[in-house]
Amino acid sequence: MIRALLVLLALLPLPAAAAGWGHYVNARYGYAIDVPPGFSPQGESANGDGQVFRAPGATLAVYGAAVAAADFEMEVVARERLAEQAGWAITYAVSTPQKASFSGRRGGRILYVRMIALCGGAQLAAFELQYGAAELHTFNPVVDRLLAALRPTQGACP
């Protein structure tokens with residue numbers, strides 16, 4: 001009976017939401033993230049901190065960095081201020097000592113940023129997703145998946 005159930009479950013198709021997603025791992029900073037379908041890699045950055053992925057009307061940048069501020073939370077505040085200086089009107093922000101997100105609008109575009117602390121807060125991994133405001137409902141599940149997918153890997157801390 002159990003064997004028949006397992007065979008039946010194996011024959012069921014995977015959920016459509018999982019189809020087509022890729023995966024990116026950064027060895028320098030020790031993080032990984034899933035990449036949405038339709039986003040093409042533009043090549044690893046020269047310093048090995050991350051990569052940009054592009055789709056029609058959208059850009060996903062993933063990167064690692066050293067925390068230059070006093071701590072991770074202060075680094076988040078500094079990066080949020082940089083976004084404001086670049087013209088993004090921040091509409092949402094949440095932060096803990098281990099992770100943070102903020103979102104903003106500029107013209108007809110939306111920016112969503114997620115950062116996680118690495119190496120006891122000495123480093124961070126982040127993604128920045130930009131897309132058209134008209135595509136908000138299309139990108140909400142993409143953002144949800146990216147939030148769950150950005151995570152540390154092992155062995156990158158000095």
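Here, a residue is called buried when its relative accessible area is under 20%. Asparagine 26 has 1% relative accessibility and therefore counts as buried. With that yardstick in hand, welcome to this predicted model, in which buried residues make up 40% of the 158 residues. The protein has three helices and ten strands, and two open sheets are described below, one of three strands and one of seven.

**Overall layout**

- Along the sequence, the elements follow the pattern α-β-β-β-β-β-α-β-β-β-β-α-β.
- If we take contacts between residues at least 6 apart in sequence, 42% of them join residues at least 24 apart.

**The seven-stranded sheet**

- This open sheet has the strand order 3-4-5-9-8-7-6, and its pairing is antiparallel.
- Strand 3 (40–44) and strand 6 (89–95) are at the edges; each has a single partner strand, so one side of each is left without a neighbour in the sheet.
- From one strand to the next, the twist averages 15°.
- Strand 3 and strand 4 run antiparallel and are joined by three bridges.
- Glutamate 44 has glutamine 51 as its bridge partner in strand 4.
- Helix 3 lies across strand 5, strand 7 (99–106), strand 8 and strand 9, and runs at about 170° to strand 9.

**The three-stranded sheet**

- Here the order is 1-2-10, again in an open sheet with antiparallel pairing.
- Strand 1 (22–26) and strand 10 (151–152) are the edge strands, each pairing on one side only.
- Strand 1 runs antiparallel to strand 2 (residues 31–35), and five bridges join the two.
- One bridge to look up in your viewer is that of valine 25, whose partner in strand 2 is alanine 32.
- Helix 3 (residues 136–149) also lies across strand 2 and strand 10, at about 160° to strand 2.

**Asparagine 26, a buried polar residue**

- Asparagine 26 belongs to strand 1.
- What does the side chain of asparagine 26 reach at 2.8 Å? That is the backbone nitrogen of tyrosine 29.
- A polar contact of 3.2 Å also links the side chain of asparagine 26 to the side chain of glutamate 44.
- Beyond its neighbours within four places in sequence, asparagine 26 is in contact with Tyr31, Glu44, Gly48, Asp49, Gly50 and Thr153.

**Salt bridges**

- Side chains of opposite charge can pair when their charged atoms come close.
- How many salt bridges does a search of the whole structure find? The search finds two.
- One of them pairs arginine 145 with aspartate 34, with the closest N and O atoms 3.2 Å apart.
- This pair links distant parts of the chain, since arginine 145 is in helix 3 and aspartate 34 is in strand 2, 111 residues apart.
- Arginine 145 is partly exposed because its relative accessible area is 27%, whereas aspartate 34, at 13%, counts as buried.
- Glutamate 75 and arginine 79 also meet in a salt bridge, through their side chains, at 2.9 Å from N to O.
- Glutamate 75 and arginine 79 are four residues apart in helix 2 (residues 72–85), so about one helical turn separates them.
- Glutamate 75 is buried, with a relative accessible area of 6%, while arginine 79 is partly exposed at 22%.

**Nonpolar cores**

- The largest nonpolar core has 27 residues, of which Phe39, Phe127 and Leu129 touch the most other members.
- At least two residues of this core come from each of strand 2, strand 4 (50–55), strand 5 (58–66), strand 8 (109–118), strand 9 (123–132) and helix 3.
- Which element gives the largest share of this core? Helix 3 does, with five residues.
- Setting aside residues up to four places away in sequence, phenylalanine 127 touches Ile33, Leu60, Ala61, Val62, Tyr112, Val113, Arg114, Leu146, Leu147 and Leu150.
- Another core, of 15 residues, lies apart from the largest one and includes Tyr63, Ala100, Phe102 and Ala126.

Notes: Residues are numbered from 1 along each chain as its sequence is written. This is a predicted model: local features need pLDDT of at least 70, side-chain atom pairs count only at pLDDT 80 or more; totals for chains, interfaces and linings use all residues. Side-chain values use heavy atoms; hydrogens and water are left out. Two strands pair if DSSP finds at least two bridges between them. Contact means heavy atoms within 4.5 Å. Axes are lines fitted to C-alpha atoms, for helices over the stretch in contact, and angles run from 0 to 180 degrees between N-to-C directions. Buried means under 20% relative accessible area, exposed over 50%, partly exposed in between (1.4 Å probe, protein chains only). A polar contact is a pair of N or O atoms within 3.5 Å; within protein, one must be able to donate a hydrogen and the other to accept it, and residues adjacent in sequence count only if both atoms are side-chain atoms. A salt bridge is a side-chain nitrogen of Lys or Arg within 4 Å of a carboxyl oxygen of Asp or Glu. A nonpolar core is a set of buried Ala, Val, Leu, Ile, Met, Phe, Trp, Tyr and Cys residues joined through side-chain atoms within 4.5 Å.
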